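Reader: Please take a close look at one part of this model, the contact between two of the chains. Give me the cut-offs as you go.

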Number of protein chains: 4
Amino acid sequence: MDLAELRDRLRVFAADRDWEQYHTPKNLVMALSGEVGELAALFQWLTPEESAAAARDPELSPDVLDELADVTIYLVRLADVLGVDLLAASEAKIERNEHRFPRKS
Amino acid sequence: MDLAELRDRLRVFAADRDWEQYHTPKNLVMALSGEVGELAALFQWLTPEESAAAARDPELSPDVLDELADVTIYLVRLADVLGVDLLAASEAKIERNEHRFPRKS
Amino acid sequence: MDLAELRDRLRVFAADRDWEQYHTPKNLVMALSGEVGELAALFQWLTPEESAAAARDPELSPDVLDELADVTIYLVRLADVLGVDLLAASEAKIERNEHRFPRKS
Amino acid sequence: MDLAELRDRLRVFAADRDWEQYHTPKNLVMALSGEVGELAALFQWLTPEESAAAARDPELSPDVLDELADVTIYLVRLADVLGVDLLAASEAKIERNEHRFPRKS
């Protein structure tokens, strides 16, 4: 599955459940905030070192994967209802960052 | 550019600037929270209807694209340092959701 | 109970449980992000009108109170470990805002 | 100034500027998310030790105070439009937490 296929699958998923009425950009931004908050809650008491191993920790890993998936899903759905191409927007931003923060020589 | 190319480009970008030391999962989760907060700030006073047109509004659109790019960039970078495949995790989650919320018939 | 008493009670609560070691400002900012995310999740699919009645909705109200309490608790605890007086900082900010946004005449 | 006086002052501030129309709970939750995101951005690259000194750092301290004030202001305003007493809700929550997490003996 690539990002375009994920977008299409989420589009069908929402349509099949009659959820498009809830999927305004405003609501989806709130849903994204909620999921990023759950991700933050998983990492809040970890040391930097513990955080680096979070996806290999058998207790923590399923929740980390689950929250990363939820963040991805709402981000892709939000971009779709806004009509934004996430990869094109990201590429444009990296190019601006490459000029803004020149690499060490 | 696809998601794997974006991940690789961000990896090089961080290495070239000696920023890998800052890119612990814990720090990147906070950076992601910060960018989602900026996205929320763009939508906070909009009506649902105004939010639906945000990416076509000439004044708002550049900021919306910019923040969506920042969220995508930190999410992809976070998944990379955790060693998580965002598309595989999302596909697994959608399959769970398809069972959890059966489609209307 | 006033805000200073709440701060003192949270201080004792953390000390009694040996949790002060976890209560760095960085960790508490993440905890605050997590709780605000949970609050956002309660409101994400509500219309503006439904949101206005949320604290009177018998199903929603206990969760709204619970999340508002969690946000308050982490904010007060964060300010305490940073040594910041929230009311003084807020008063200074309102004064700046009163100059920045003159009232309609 | 105590919390009730802060609430009253914010109420007048909004009324004087005809901003009550924007201050639905849903919008204020998004504004709170935005400000907590700005707070997270200040702390994202700090070590735990640096974060502990953030309010004494002459460069960082004004921004930390400013963001803590913004979070407090939106939290108090949100509670007001919802008709929730933050101190009573927090006290009830601490009592539940004291039962849920018994102190070490």
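Author: Start with the symmetry. A turn of 180 degrees and a shift of 0.0 Å along the axis lay chain B on chain A with an RMSD of 0.0 Å. The superposition is by least squares on the C-alpha atoms of residues with pLDDT of at least 70 in both copies. The two copies are thus related as by a two-fold rotation axis. The same surface serves both: 100% of the contact residues of chain B recur in chain A.

A note on the basis. This is a predicted model, in which local features need pLDDT of at least 70 and side-chain atom pairs count only at pLDDT 80 or more, while totals for chains, interfaces and linings use all residues. Residues are numbered from 1 along each chain as its sequence is written, chains are lettered from A and ligands numbered from 1 in the order in which they are written, and side-chain values use heavy atoms, with hydrogens and water left out.

Now the extent. Chain B gives 58 residues to the contact, and chain A gives 58 residues. Contact means heavy atoms within 4.5 Å. About 5,200 Å² is buried between chain B and chain A, 68% of it on carbon and sulfur atoms. Buried area is the accessible area (1.4 Å probe) that two parts lose on being put together, summed over both.

Next, the polar side. There are 14 salt bridges between chain B and chain A. Each needs a side-chain nitrogen of Lys or Arg within 4 Å of a carboxyl oxygen of Asp or Glu. One salt bridge joins the side chains of A:E95 and B:R9, at 3.6 Å from N to O.

Which helices of chain B supply at least two residues each to the side that touches chain A? They are helix 1 (3-16), helix 2 (25-43), helix 3 (48-52), helix 4 (61-82) and helix 5 (86-100). Helices are DSSP runs (H or I, at least four residues), numbered from the N terminus. Helix 4 of chain B gives the most, with 12 residues. By type, this side of chain B divides into 35 nonpolar, 8 polar and 15 charged residues. Here Ala, Val, Leu, Ile, Met, Phe, Trp, Tyr, Cys and Pro count as nonpolar, Asp, Glu, Lys and Arg as charged, and the others, Gly among them, as polar.

Finally, one residue. B:S33 lies in helix 2 of chain B. B:S33 is buried, with a relative accessible area of 10%. Buried means under 20% (1.4 Å probe, protein chains only). Leaving out residues up to four places away in sequence, B:S33 touches A:V36, A:A40, C:S33, D:G37 and D:A40.

Key:
Buried means under 20% relative accessible area, exposed over 50%, partly exposed in between (1.4 Å probe, protein chains only).
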